[in-house]
Amino acid sequence: MKAININGEIKQYSSVPKSWGNVIGGFHLLSDSDLQSYGFYDIEIPADYNDSIHTLSDLYFDEANNVFKRDLVDKTFTETLDELKQNRIANYKDEINDRLKNTDWYVVRNAETGAEIPANITTERADYRAESVTIENEINALSTKQEVVLYEHLID
């Protein structure tokens, strides 16, 4: 991405225009140094940018490095740390419950008819319940809102 300052207003381009000023065609094929002579510079976004926990500042020109930049701004979360934890835990529990639903009929059949639940199904269900406890403990051990928002656990 490139940007240019036109009369105090920074305009951003996802791709360089094919024509610009007195260059009728092939402007987008110019070298970076040639584009800079027209005022087009790269846009730099911090490598650790994560839209889950950051927003970006307005675009500005960094003269020392000859690039346009956006700085990281930490998001402000309206929920308390406990509310974020409860919501995150609830989302994982919903996902685990969805997986348990696939084998609920074994449990219902067992309750109604006494038919045995296959061992692999019993083990699978126990593993999901144990994983749910692990996830809840891991989330509850987190100490910042950003950690909670970034928490990921791949359910097997």
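In helix α2, the buried residues (under 20% relative accessible area with a 1.4 Å probe, protein chains only) are Leu 84, Lys 85, Ile 89, Tyr 92, Ile 96 and Leu 100. Looking down the axis of α2, these buried residues sit within an arc of 155°, so they line one face of the helix; the arc is taken from the directions from the helix axis to the C-beta atoms. An α-helix has 3.6 residues a turn, so residues three or four places apart point the same way. Over on the other side of α2, Gln 86 and Lys 101 are exposed, meaning over 50% relative accessible area. The cover for the buried residues includes α3 (104-113), α4 (119-140) and α5 (145-150), with contact meaning heavy atoms within 4.5 Å.

This is a predicted model, in which local features need pLDDT of at least 70 and side-chain atom pairs count only at pLDDT 80 or more, while totals for chains, interfaces and linings use all residues. Numbering runs from 1 along each chain as its sequence is written, and side-chain values use heavy atoms, leaving out hydrogens and water.

As for its span, α2 (residues 81-101) has 21 residues and reaches 30 Å from first C-alpha to last, close to the 30 Å expected at 1.5 Å a residue (1.5 Å times one less than the number of residues). Helices here are DSSP runs of H or I with at least four residues, strands are runs of E with at least two, and both are numbered from the N terminus.

Turning to the strands, β1 (residues 2-6) pairs antiparallel with β2 (residues 9-13) over five bridges, where pairing takes at least two DSSP bridges. Ile 4 stands opposite Lys 11 in β2. The two strands make a hairpin with two residues between them, and Asn 7 in the turn has a positive phi of about 50°. β1 is also joined to β3 (residues 41-44), antiparallel, by two bridges, with Lys 2 opposite Asp 42 in β3.
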